[in-house]
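Biologist: I would like to go through one helix and hear the reasoning behind the terms used for it. Please start where the helix stops.

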Amino acid sequence: MAPLSRAREVGLWQFIASTGYLYGLHRSDWVDERMDPEKSTQAAIAYLTDLHGLLGDWMTALAAYNCGEGNVLRQIKNQREGYF
């Protein structure tokens, strides 16, 4: 069993199970593809690309990857001046 972070993320790109599943990383009692360097890198590229499309720039996409898109979208919504 691989060591888990506090948020139960695992692997090179620190995917939580639900996000890994959304991007095609399968888990079972025997295999956790979040720990596969090639598959998880392809999933991370797809996720970052989707975040860039949603948020419009790479720095914000990276922030959303790190702390969650919901957190970033809430912070943008709470800004006094428009973000987009």
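Modeller: Helix α3 is followed by G68, which has a positive phi, near 105°. Bear in mind that this is a predicted model.

Biologist: What makes α3 oblique to α4?

Modeller: α3 and helix α4 (residues 69-77) pack at an angle of about 125°, and their axes are 6 Å apart. Angles of 65 to 115 degrees count as roughly perpendicular and those over 145 as roughly antiparallel. The angle of about 125° fits neither range, so α3 is called oblique to α4.

Biologist: Which residues meet there?

Modeller: T60, A63, A64 and C67 in α3 meet E69, N71, V72 and I76 in α4. By type, the residues of this contact are 5 nonpolar, 2 polar and 1 charged.

Biologist: Why are the buried residues of α3 said to be on the same side?

Modeller: The buried residues are T60, A61, A64 and Y65. They lie on the same side of α3 because their arc around the axis is only 145°. They pack against α2 (37-55) and α4. The face turned away from the buried side carries M59 and N66, which are exposed.

Biologist: How do you know that the side chain of Y65 makes a polar contact with W13?

Modeller: The side chain of Y65 reaches the backbone oxygen of W13 at 2.8 Å. The cut-off for a polar contact is 3.5 Å, so this pair qualifies.

Biologist: What does D57 reach at the start of α3?

Modeller: A side-chain oxygen of D57 comes to within 3.1 Å of the backbone nitrogen of M59.

Definitions and conventions. Residues are numbered from 1 along each chain as its sequence is written. This is a predicted model: local features need pLDDT of at least 70, side-chain atom pairs count only at pLDDT 80 or more; totals for chains, interfaces and linings use all residues. Side-chain values use heavy atoms; hydrogens and water are left out. A polar contact is a pair of N or O atoms within 3.5 Å; within protein, one must be able to donate a hydrogen and the other to accept it, and residues adjacent in sequence count only if both atoms are side-chain atoms. Axes are lines fitted to C-alpha atoms, for helices over the stretch in contact, and angles run from 0 to 180 degrees between N-to-C directions. Helices (H or I, at least four residues) and strands (E, at least two) are DSSP runs, numbered from the N terminus. Angles under 35 degrees count as roughly parallel, over 145 as roughly antiparallel, 65 to 115 as roughly perpendicular and the rest as oblique. Contact means heavy atoms within 4.5 Å. Ala, Val, Leu, Ile, Met, Phe, Trp, Tyr, Cys and Pro count as nonpolar, Asp, Glu, Lys and Arg as charged, and the others, Gly among them, as polar. Buried means under 20% relative accessible area, exposed over 50%, partly exposed in between (1.4 Å probe, protein chains only). The arc is that of the directions from the helix axis to the C-beta atoms.
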